[in-house]
Each structure stands twice: as structure tokens, then as C-alpha cells.
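Visitor: I would like to learn how to read a protein model feature by feature. Could you take me through one, giving the general idea before the particular case?

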Amino acid sequence: MREVARLAQVSQKTVSRVVNGEPYVSEQARDRVLRAARELGFRPNTAARALLQGRFRRIGVVSLGTALYGPASLLFALERAASAAGYSFSVVTTLDGQPSGIAHAIESLLNQGVDGIVLSEPIDEGEAAPLDPGVPILSFGRMPAVAPGTRALVTGADGVGGGMAATRHLLSLGHATVWHVAGPGRWWAARDRMEGWRKALREAGAPEPECVEGDWSPSSGYEAGLRLARTPGVTAVFAANDDMAIGVMRGLAEAGIAVPDQVSVVGYDDIPSAAYLSPPLTTVSQDFDTVAAHGLDLLAHQMEDPEAPAPTRDDPPARLVVRRSSGRPPRP
């Protein structure tokens, strides 16, 4: 750092401020420091800095490691938000179906040195010992059991509201009820969207059909579409994600049922291809960047200064995007 300061013609304190992302440095001085650092091949010693400051400037994320659009988009948004806030980012994946998976992943992150933990797509892992990370923990969904005194935060997109919006839209078009192709029952996101579907039906006094459970994949949606094509009275289907909605439409098409003339279909996530299907898919869109930025604000507040007033910004509601896969029910 002394060599960088000498080459940049600034004080060593200025170099320290630039390296640590602190304010009160002019853009001109910051540019000189960064140029000198590149020229000298300087890299901050993060271990030494952590010992001096008591902080690692690193956030650890526990992920299922899935390539599904929603979780993957949230993970990328979290990485962007962490980088913008001056934190590095470590991810550890946990295997679905292991009750101790989250605890093992958190232990791995703590061994790497992190200031906070994020659970990016939590699922119900059944009976497990309360988590005791010793650092603030943020869940984008429901929080598992934690030890007393843990600084636990919960945020995320409004899955219940999104499920209600999709179902209300179909009911408003005149459908007597709406069938639901749900995600895997252990996923909190799937449960929230199902809860929204049920709430909207009950609010309207509409019958509640038996739902069909899928696994988020187009193939499970396809099987559900074939099944629903054989079910009398089906005119509207809400699928818990777009991949399953695409499978539903394929299954209905193979059974000779036209979308939306005979059956309307609504998905969830607004994947990039949703607008280019035939017909374009009505779906529920989530603002992953805003959700991630809000969550990181909450976590950073707990990591940096828990005594200061907490951020009060609300998560953005899920937004219905109406396209041509939904329409009025066929005439009797």
C-alpha cells in the first residue's frame, strides 16, 4: 500500500479508503490509486483486513444449485446487489432431501469467513436442529428454525399475492373456477402460490378443484395437461411456473384442445421466451433485482449497524402480465 500511495502521489490513508470502498475520496484521487494498483499488481490481503476490521466484506449464500429460472435469476440478482454494495459473494449448494443440508452449507460458509448468510430458495427440510450461524441470516422465503438470539430476517417476492393475481385474472374473465398445477410441495414458493390460488377461489366463492402437483419441469406440466384434458369442465389453468405452463399447453394441444379458445393458461415467472410462445403466455412477473437489493439492504443493516433504523422499503408486488393465452371461457 505504501508503494501504491507513492506511485499515485497520495497518502497511505487515501489508498486504504479506496481499497475499502470508503467515502470522502475524490474521483481524481480514486482513479490515480486504481491505476497505480493495476500497474503494481496490488491485491488487498482480505484475511489481514478481516483481522484488523473484524469483518470479511463477504456474504455467503446457501442455494439448491438449481438451474430453474426463478432461483437462478434471484441468485444472479443477489450477486449484482452484493457487488454494488462492496461485498464479495460465496455460494454453497445443498442437496434437496437432506434435513441437515442447510446447517452443513452454513458451516462451510462460516469456515470461509462471511459476515452474513442468505438462504436463496429455502424448502421445508422437515425436522432439523435450529440453525445457529452466529451471523445475521436472511431468507428469501420462510425462515427455518433458528437458535434464540439469531438475527433472522425474512423477505422475498409476494408468492401469495402473485397466486391470487393469476387466479383472480382468470375468474374475472368469467371462468367458473381455476385448476392449479402446483410446484413440489416441499418448496415454500410452491406453497405460497397455491395458498394465493386457494384464497382467490374462496374470496370469489368458486369451487376448489383438486390440484395437480408437478416438479417445476415442462414434462410434469405436459403430464398435467394430458390429465386435465381428460377432466370434464376444465376451462382455466394456473401453473406455478412458466415451464410447467408450457408443458400444460403442449399436453392440451396434443389432446386437441385449443388455448385460449377452450382452455386458458396462466404461468408464473415471465421467462424470456414467454412472450414468444404461440399463443404468448399470460404470466406473473417478479422484479428479482429489486427484491435482491431490498434483501441485501436489510442484511447489510444487520451486519454493519444493527442499532441504526432498519430500511423500510417494501418488496415489490408480483405483477400480472396479460398476453393471449388467457381469454373468456367457451360458450356452452
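**Reading the model**

Guide: Of the 332 residues of the protein, 50% count as buried, and the model from which this value is computed is a predicted one. The protein contains 11 helices and 11 strands, and its C-alpha trace spans about 85 × 45 × 35 Å along the principal axes.

Visitor: What percentage of the contacts with a separation of 6 or more is made by residues 24 or more positions apart?

Guide: Residues 24 or more positions apart account for 69% of those contacts in the protein.

Visitor: How should I read a strand, and which side chains of strand S1 lie on which side?

Guide: In a regular strand the side chains alternate between the two faces of the sheet. In S1, which covers residues 58-63, Arg58, Gly60 and Val62 lie on one side, while Ile59, Val61 and Ser63 lie on the other. Both faces are covered, and six of the six residues of the strand are buried, where buried means under 20% relative accessible area.

Visitor: To which strands is S1 joined, and by how many bridges?

Guide: Six bridges join S1 to strand S2, residues 88-93, and the two run parallel. Four bridges join S1 to strand S3, residues 116-119, and this pair also runs parallel. Ile59 is a useful residue to follow here, since its bridge partner in S2 is Phe89, and in S3 it stands opposite Gly116.

Visitor: Which helix belongs with S1 and S2 in a β-α-β unit, and is that unit right-handed or left-handed?

Guide: The helix is H5, residues 69-84, and together with S1 and S2 it makes a right-handed β-α-β unit.

Visitor: Where else can I practise reading strand order?

Guide: An open sheet of four strands has the order S7-S6-S8-S9, with parallel pairing. Its edge strands are S7 (212-213) and S9 (264-266), each of which pairs on one side only. Elsewhere in that order, strand S6 (residues 179-182) is joined to strand S8 (residues 236-239) by three bridges, the two running parallel, and His180 stands opposite Phe238 in S8.

Visitor: How does one look for empty space, and how many cavities of 30 Å³ or more does the structure hold?

Guide: Rolling a probe the size of a water molecule over the atoms shows where empty space is left. The structure holds one cavity of 30 Å³ or more, and about 70 Å³ of space lies in the largest cavity. Its lining includes Val62 and Ser63, which are also buried residues of S1, and among the other lining residues are Thr94, Ile102, Leu119, Glu121 and Glu125. By character, the lining divides into six nonpolar, three polar and two charged residues.

Visitor: What volume does the largest pocket have, and which residues lie nearest its centre?

Guide: About 550 Å³ of space lies in the largest pocket, which is lined by 29 residues, with Phe140, Ala157, Ala189, Arg193 and Gln286 nearest its centre. The lining divides into 15 nonpolar, eight polar and six charged residues.

Visitor: Which elements supply at least two residues of that lining, and which gives the largest share?

Guide: H5, strand S5 (152-155), helix H7 (159-172), helix H8 (188-204) and helix H11 (288-304) each supply at least two residues, and the largest share, four residues, comes from H8. Helix H5 thus links two of our topics, as it supplies residues to the lining of the largest pocket and is part of the right-handed β-α-β unit with S1 and S2.

Terms used
Residues numbered from 1 in each chain as written. Predicted model: local features only at pLDDT ≥ 70, side-chain atom pairs only at ≥ 80, totals over all residues. Heavy atoms only, no water. 1 Å grid on protein atoms, 1.4 Å probe; cavity = no way out; pocket = protein on both sides within 12 Å on 5 of 7 lines; lining within 4 Å. Points joined across faces, edges and corners; volume = space filled by probe spheres on them. Nonpolar A, V, L, I, M, F, W, Y, C, P; charged D, E, K, R; others polar. Buried < 20%, exposed > 50% of the residue type's maximum accessible area, 1.4 Å probe, protein only. Pairing = 2+ DSSP bridges. Right-handed = clockwise from strand over helix to strand, strands pointing away. Contact = heavy atoms within 4.5 Å.
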